[in-house]
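Please open the model in your viewer and keep the selection panel at hand. The stops below go from one selection to the next, with a short account of what is there at each.

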Amino acid sequence: MKKLFLIVFFTHLGFFVIGQVEQFESKSSIKEYKEPKLLNISRLLVFTDNSITISNWLNGGTEALKLKIDKIVDKDYSREGICKWYYCTSLKSDIFNGFFKAIIIVPKNKDKVWVNTFADEVSVNCTEILITKD
């Protein structure tokens with residue numbers, strides 16, 4: 001009976017360890033143009049083990065941005081200290097540029113998320129997503 005209990009316990013523990021999902025909600029973001037611009041767009045950010053989905057991102061805020069995580073690194077970022085850097089590739093190809101790269105930066109306090117998308121080697125679009133705390 002003890003062996004059966006241990007088998008069931010470790011099996012369930014394995015399910016909880018493998019499927020980790022982290023999710024953030026945002027009601028506004030700051031888009032970097034020539035001058036920062038505040039956008040009031042409600043977004044949901046879902047982080048899984050190997051992908052990131054950001055709702056209301058593409059086509060004027062109607063489609064979700066889906067990214068495949070290539071690697072995750074803990075690095076220093078400005079005054080935020082050590083942050084998680086997610087190096088990603090888009091899952092959907094763009095007509096003009098093909099697949100694009102992105103770097104998602106999440107600080108330890110998780111009050112904002114920086115989304116940096118690279119259209120090419122030179123053009124970088126930076127958006128700071130402000131996370132809603134409940």
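Which residue stands opposite Ile103 in β7? Select Ile103 in this predicted model and look across to its partner, which is Tyr87. Now turn to the other side of the pairing, where Asn116 in β8 is the bridge partner of Ile103.

Next, colour the strands around this residue. β6 and β7 run antiparallel and are joined by 7 bridges, while β7 and β8 also pair in the antiparallel sense, over 5 bridges. If you follow the chain through the hairpin of β7 and β8, you pass 4 residues between the strands, and Lys110 in this hairpin takes a positive phi near 55°. With a surface switched on, consider how β7 is placed: 6 of its 7 residues are buried, so the strand is largely enclosed by the rest of the structure.

From here, select Ile104 and display its surroundings. Leaving aside residues up to four places away in sequence, Ile104 touches a list of residues that includes Phe47, Ile52, Ile54, Leu67, Tyr86, Cys88 and Val113. The largest nonpolar core has 19 residues, and those touching the most other members are Phe47, Ile52, Ile54, Leu67, Tyr86 and Ile104. Two or more residues of this core come from each of β3 (43-47), β4 (51-58), β5 (63-76), β6 (82-90), β7 (101-107), β8 (112-118) and β9 (124-131). Another core, of 6 residues, lies apart from it, and Cys83, Tyr87, Ile105 and Trp114 are among its members.

The cysteines deserve a stop of their own. Cys88 is buried, at 1% relative accessible area, whereas Cys126 counts as partly exposed, at 29%. The structure holds 0 disulfides.

Finally, select the charged side chains, for the structure holds 6 salt bridges. One of them joins Lys92 and Glu63, at 2.9 Å from N to O. Because Lys92 lies in the loop between β6 and β7 and Glu63 in strand β5, this pair ties together parts that are 29 residues apart in sequence. Both ends are partly exposed, Lys92 at 49% relative accessibility and Glu63 at 28%.

Then select Lys68, Asp70 and Lys101, which are linked in a network of salt bridges. Asp70 meets Lys68 at 3.0 Å and Lys101 at 3.8 Å. The latter pair links distant parts of the chain, with Asp70 in strand β5 and Lys101 in strand β7, 31 residues apart.

Terms used: Residues are numbered from 1 along each chain as its sequence is written. This is a predicted model: local features need pLDDT of at least 70, side-chain atom pairs count only at pLDDT 80 or more; totals for chains, interfaces and linings use all residues. Side-chain values use heavy atoms; hydrogens and water are left out. A nonpolar core is a set of buried Ala, Val, Leu, Ile, Met, Phe, Trp, Tyr and Cys residues joined through side-chain atoms within 4.5 Å. Buried means under 20% relative accessible area, exposed over 50%, partly exposed in between (1.4 Å probe, protein chains only). Contact means heavy atoms within 4.5 Å. A disulfide is a pair of cysteine sulfur atoms within 2.5 Å. Two strands pair if DSSP finds at least two bridges between them. A salt bridge is a side-chain nitrogen of Lys or Arg within 4 Å of a carboxyl oxygen of Asp or Glu.
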